Amino acid sequence: MIDSHFTRFTLKVSPIGWGTDQGVDGFGEEPGIKSQLMNLIRSVRTVMRVPLIVVNSIAIVLLLLFG
């Protein structure tokens with residue numbers, strides 16, 4: 001469910017999908033704010049994937065044990 005919302009958001013912000021294009025046209029130019037935000041979101045999703053799996057697993061076990 002969250003992934004589908006994220007995909008819709010990225011399609012609005014970046015027509016190529018995940019926003020991997022840095023948008024740097026020349027040497028020494030900074031990427032635009034849209035590409036920086038997309039890279040930040042993608043990086044946070046990558047880093048937080050394993051801790052989120054662990055937290056969800058603990059929550060499921062606790063719910064099964066204590067109802």
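Helices here are DSSP runs of H or I with at least four residues, numbered from the N terminus. The model is predicted.

**Exercise 1. Overall make-up**

Task: State how many helices and strands the chain has, and what share of its residues is buried.

Solution:
- Step 1. The secondary structure amounts to two helices and zero strands.
- Step 2. The chain has 67 residues, and 13% of them count as buried.
- Step 3. Its accessible surface is about 5,700 Å², with 70% belonging to carbon and sulfur atoms.
- Step 4. Among contacts with a separation of 6 or more, 32% are between residues 24 or more positions apart.

**Exercise 2. Asn39**

Task: Place Asn39 in the secondary structure, decide whether Asn39 is buried or exposed, and find the partner of its side chain.

Solution:
- Step 1. Asn39 sits in helix 2, which runs over residues 33-66.
- Step 2. A residue is buried when its relative accessible area is under 20%.
- Step 3. Asn39 has 14% relative accessibility and therefore counts as buried.
- Step 4. The side chain of Asn39 makes a polar contact of 2.9 Å with the side chain of Arg42.

**Exercise 3. Gln36**

Task: Classify the exposure of Gln36 and list its contacts beyond four places in sequence.

Solution:
- Step 1. Gln36 is also part of helix 2.
- Step 2. Its relative accessible area is 35%, so Gln36 is partly exposed.
- Step 3. With neighbours within four places in sequence set aside, Gln36 touches Glu30 and Pro31.
- Step 4. For Pro31, the side chain of Gln36 comes to 3.4 Å from the backbone oxygen.

**Exercise 4. Residues 46-66 and the nonpolar patch**

Task: Describe the span that UniProt annotates as "transmembrane region", then name the residues of the nonpolar surface patch.

Solution:
- Step 1. The annotation, from an unreviewed UniProt entry, covers residues 46-66.
- Step 2. In the model this span is 100% helix and 0% strand, and its end C-alpha atoms lie 31 Å apart.
- Step 3. Val50, Val54, Ile58, Val61, Leu62, Leu65 and Phe66 make a nonpolar surface patch of about 720 Å².
- Step 4. One of these patch residues is Val61, which is found in helix 2.
- Step 5. Val61 counts as partly exposed because its relative accessibility is 46%.

Key
Residues numbered from 1 in each chain as written. Predicted model: local features only at pLDDT ≥ 70, side-chain atom pairs only at ≥ 80, totals over all residues. Heavy atoms only, no water. UniProt positions renumbered as here; feature names shortened; annotations may be inferred. Buried < 20%, exposed > 50% of the residue type's maximum accessible area, 1.4 Å probe, protein only. Polar contact = N/O pair within 3.5 Å; in protein donor to acceptor, adjacent residues only side chain to side chain. Contact = heavy atoms within 4.5 Å. Patch = residues over 30% accessible without salt bridge, like charges linked within 9 Å, V, L, I, M, F, W, Y side chains within 5 Å. Areas by Shrake-Rupley, 256 points an atom, 1.4 Å probe, with all protein chains shown as cover. Salt bridge = Lys/Arg side-chain N within 4 Å of Asp/Glu carboxyl O.
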